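Please examine the model shown below before reading on. The paragraphs that follow move from a strand in the interior, through the nonpolar cores, to the surface.

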Amino acid sequence: LRRTVQLSAGLFVLGVWIGNSSLLVRSHTGRPKLLAHRGVHQHFNPEGMRGDDCAATRIAPPTHAFLENTLPSMAAAFAAGADVVELDVHLTPDGELAVFHDWTLDCLTEAHGVTHDTPMSVLRTLDLGYGYSADGGKTFPFRGKASAHIPTLAEVLTQFAAGRFLVDFKSRQAREGVAVAELMSRRASYRTAVWGVYGGEAPTERARELQPSLRGYTLASLKACGLAYIGVGWTGYVPDACRHRLMLVPANLGPLLWGWPHRFVSRMHAAGSEVILAGDYKPGVGTRGIEDAAAFDALVPEHFDGYVWTNRIELIGPHVRARSAR
């Protein structure tokens, strides 16, 4: 009886291993796809930042002139190898979706006030390079020199008809999701260009309700999918919480997922979802992007068939091209 139990247990474990091993999944022969957070932008050190700190005053000495969430920045990101560019939106009082990161105007521009309370006609006039400083406010290398304005989401989607964008809702208001869904309804090219949505739960889920083909994620959806999958994923079943979603996976948490990496990604694809690999999760800090060649080689599995989140597309894009050519 003991031998029978041991044999049965061994066969069960072997079956679970075979069912979840990535070794038996046909390797993808292409390259990982790249998601450029904020496009090509001025890099800054996020360590120790509080919610109200101004990132623009923490930038490294500039090596290029691109500013986040602008049309030139997005063009540079695609040229560097981005498959998707992440951008941020605010619904303004005049019904436009302004592409701008910060909740207020005080850090990046010469103006003051809440971004979504400011008409687009005013936002277009602001100096986007006003607040940037690499030496603690002694000098401002982009002040008065910015060649780009705050664009609308419609401008972005028109300018980059073949591009793909991940839209970050900066508010928790469902009406922001309605505005994005309505914009997508205007043109087929807009529906294709909006690759996904995330951020505030109410606007994200409302946009997905109105545009059923739209994928997205929120903190709640990531937790729901992750916990459900850890519970039943060993069987090969993909829970409903993981279907037709975006799944952001910190690199150090990936091994907790059954079939990580290749079988997991394959299962998500079969369920209509996409996987985005980010840097390691750190308690109290969260997760960052994968920002340099050494981190990319250490954290991104060979033949990974998902997306990789990076804040340094100008560095990671050329590295991936070179790695794929080997």
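The model is a predicted one. A convenient starting point is strand E8, which spans residues 274-278 and pairs with E11 in the parallel sense over two bridges. Within this pairing, leucine 277 stands opposite valine 308 of E11. Strand E11 also runs parallel to strand E1 (residues 33-37), and four bridges join the two. Here alanine 36 is placed opposite threonine 310 of E11.

Strand E11 itself, residues 307-310, is covered on both faces. Tyr307 and Trp309 are buried on one side, while Val308 and Thr310 are buried on the other.

Trp309 leads from this strand to the largest nonpolar core, which holds 69 residues. Trp309 is among the members that touch the most others, together with Met74, Leu87, Leu153, Phe165 and Phe264. For leucine 153, the contacts beyond four places in sequence are Leu87, Val89, Leu97, Val99, Val167, Val180 and Leu183. Apart from this core lies another, of 19 residues, including Ala55, Ala56, Phe100 and Leu108.

Nonpolar side chains are also found at the surface. Ile230, Trp234, Leu253, Leu256, Trp258 and Tyr281 form a nonpolar patch there, with about 530 Å² of accessible area together. One of these residues, isoleucine 230, belongs to helix H8, residues 219-232. Isoleucine 230 counts as partly exposed because its relative accessibility is 38%, and that class lies between the limits of 20% for buried and 50% for exposed.

Technical notes:
Residues are numbered from 1 along each chain as its sequence is written. This is a predicted model: local features need pLDDT of at least 70, side-chain atom pairs count only at pLDDT 80 or more; totals for chains, interfaces and linings use all residues. Side-chain values use heavy atoms; hydrogens and water are left out. Buried means under 20% relative accessible area, exposed over 50%, partly exposed in between (1.4 Å probe, protein chains only). Two strands pair if DSSP finds at least two bridges between them. Patches are made of residues with over 30% relative accessible area and no salt bridge: like charges are joined within 9 Å, nonpolar side chains (Val, Leu, Ile, Met, Phe, Trp, Tyr) within 5 Å. Accessible areas come from the Shrake-Rupley method with a 1.4 Å probe; for residues, only the protein chains shown count as cover. A salt bridge is a side-chain nitrogen of Lys or Arg within 4 Å of a carboxyl oxygen of Asp or Glu. A nonpolar core is a set of buried Ala, Val, Leu, Ile, Met, Phe, Trp, Tyr and Cys residues joined through side-chain atoms within 4.5 Å. Contact means heavy atoms within 4.5 Å.
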